[in-house]
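Colleague: Could you take me through this structure? I would like to look at a few regions in turn.

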Amino acid sequence: MQYFKIGPSRCIDEPRAAAPPTPAQAQSQIDEWLHMGKPLFPRDAIQAIHDQLRDPIARGDEILVKALDGATMAFEVRTGDIKESEQQRETIGKPSIRYICYESLRSGQELSSRRPHLVYCPMIIRHEATTSNLMTGGALQTIPRRSIDDIYYVFNTALHLWEESDTWIQIKATLLSTQATTIVKKIIAFACGTMSHPDDIPGASYNSIFQHAFLVTLQRLLQQEANGQIACAVQDPAYTDADRAVLETYGIRVLDDPEGFLEVDDRSLVLSCSPNVPVKQIVVDVAKPAVVIWERVENGNCRGTDPDSPRVRQVMTQLYDALEFPYEEHFGDMVIYVRRGLEDARGMGASTEAINEPHVPNA
Ligand SMILES: C[S@@+](CC[C@H](N)C(=O)[O-])C[C@H]1O[C@@H](n2cnc3c(N)ncnc32)[C@H](O)[C@@H]1O
């Protein structure tokens, strides 16, 4: 997916619009919010943006986003704009959310850009874009894709291999040794990637295929234990129509960003592997899922696209037990995190408030 940066935006609240903070002021302000436990990605803020993105919107409309200090930012919708250079034409598509992780926000990167008013904005609006050859009209950078029949075939083969693998057998035993299988009501996965890339993109496509095979086996296991339906949904903007069709056949629903984040609750199992967005930071702000399976949370991991913020580290150490996810080449260094005290959660509703969590700083 190619994204057109951001487009014009403005702060519509004085006096913030007139006087952005210095980098030192911004950093100390963000630290103060961190210690107060203020979430960077509150569910209602994500929902408010989603509601506007879902409404019929046209070029020239504005999408309003509340920053952490309460000021409102207005982002102009540029859908339909065309930018032409000597060789190519860029066509601006629909708007979507860009999530800024705690580390980037704290670095005050927006202060040194042309958008200092966005200094306290962990979610900003950007646009998708497609580029075509100005002379021929043909798309630039076309990526070869597997046919749908090929995806079915490869996916089925991988699913059989995965079901028989020691990795899955060990993960299944680990999950069955916890209360997770009786608590989890739905599975939400992020960034499992498209299965449409052909084999010559090293690793990528098979990662995606095995990560989705894992989801199918997880859903079957949980359904068997619950003796009922367990919903399974996935969010990744890279899915093609062929991915959607195959996944639907296996009972997996594809959600648009940010619907996956809004679906996560305290009785969810969340899976995420090498996302290009700060999934960990968003998920811990939105809910405390019963189980999360994602890359190991550790002190040094404060770079990359899904870094462990102080809040992520604190939530995971205070609320979760870390269980082994055996090494498997199609996954990163994964860990199965199971929320402590799950037996007390049985019979509870799915609300986040139902969980008595210690105070943890945000971000
Ligand atoms: C580095 S790839 C990882 C793919 C696969 N999980 C793997 O291990 O090879 C990062 C993935 O994050 C996805 N991604 C980007 N933005 C996302 C969003 N807002 N929600 C979910 N996934 C997203 C990308 O489309 C891409 O498939």
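Modeller: We can discuss a helix, a sheet and the ligand shell; please note that this is a predicted model.

Colleague: Let us begin with helix H4. How many residues has H4, and what is its reach?

Modeller: Helix H4 covers residues 148–164, which is 17 residues. From its first C-alpha to its last it reaches 25 Å, close to the 24 Å expected at 1.5 Å a residue.

Colleague: Which residues of H4 are buried?

Modeller: Ile 151, Phe 155, Ala 158 and Trp 162 are the buried residues of H4. Seen down the helix axis, the buried residues fall within an arc of 70 degrees, so they line one face of H4.

Colleague: Why would residues at such spacings point the same way?

Modeller: An α-helix has 3.6 residues a turn, so residues three or four places apart point the same way.

Colleague: And what does the face turned away from the buried side carry?

Modeller: That face of H4 carries the exposed residues Asp 149, Tyr 153, Thr 157, His 160 and Glu 164.

Colleague: On to the sheet. In what order do the strands lie?

Modeller: The open sheet has 3 strands in the order S2-S4-S3, with antiparallel pairing. Strands S2 (9–11) and S3 (62–66) are the edge strands, each pairing on one side only.

Colleague: How many bridges join S2 and S4?

Modeller: S2 pairs with S4 (residues 72–76) over 3 bridges. Arg 10 stands opposite Ala 74 in S4.

Colleague: Finally, what surrounds the ligand?

Modeller: The ligand is surrounded by 18 residues, and the closest include Ala 191, Gly 193 and Asn 207. By class, the shell has 9 nonpolar, 7 polar and 2 charged residues. Helix H7 (residues 204–226) supplies the largest share, 4 residues.

Conventions
Residues are numbered from 1 along each chain as its sequence is written. This is a predicted model: local features need pLDDT of at least 70, side-chain atom pairs count only at pLDDT 80 or more; totals for chains, interfaces and linings use all residues. Two strands pair if DSSP finds at least two bridges between them. Helices (H or I, at least four residues) and strands (E, at least two) are DSSP runs, numbered from the N terminus. A residue is near a molecule or strand if its C-beta atom, placed from the backbone, lies within 6 Å of it. Ala, Val, Leu, Ile, Met, Phe, Trp, Tyr, Cys and Pro count as nonpolar, Asp, Glu, Lys and Arg as charged, and the others, Gly among them, as polar. The expected span of a helix is 1.5 Å times one less than its number of residues. A residue is buried if 20 or more other C-beta atoms lie within 10 Å of its own, exposed if 12 or fewer, and partly exposed in between; C-beta atoms are placed from the backbone. The arc is that of the directions from the helix axis to the C-beta atoms.
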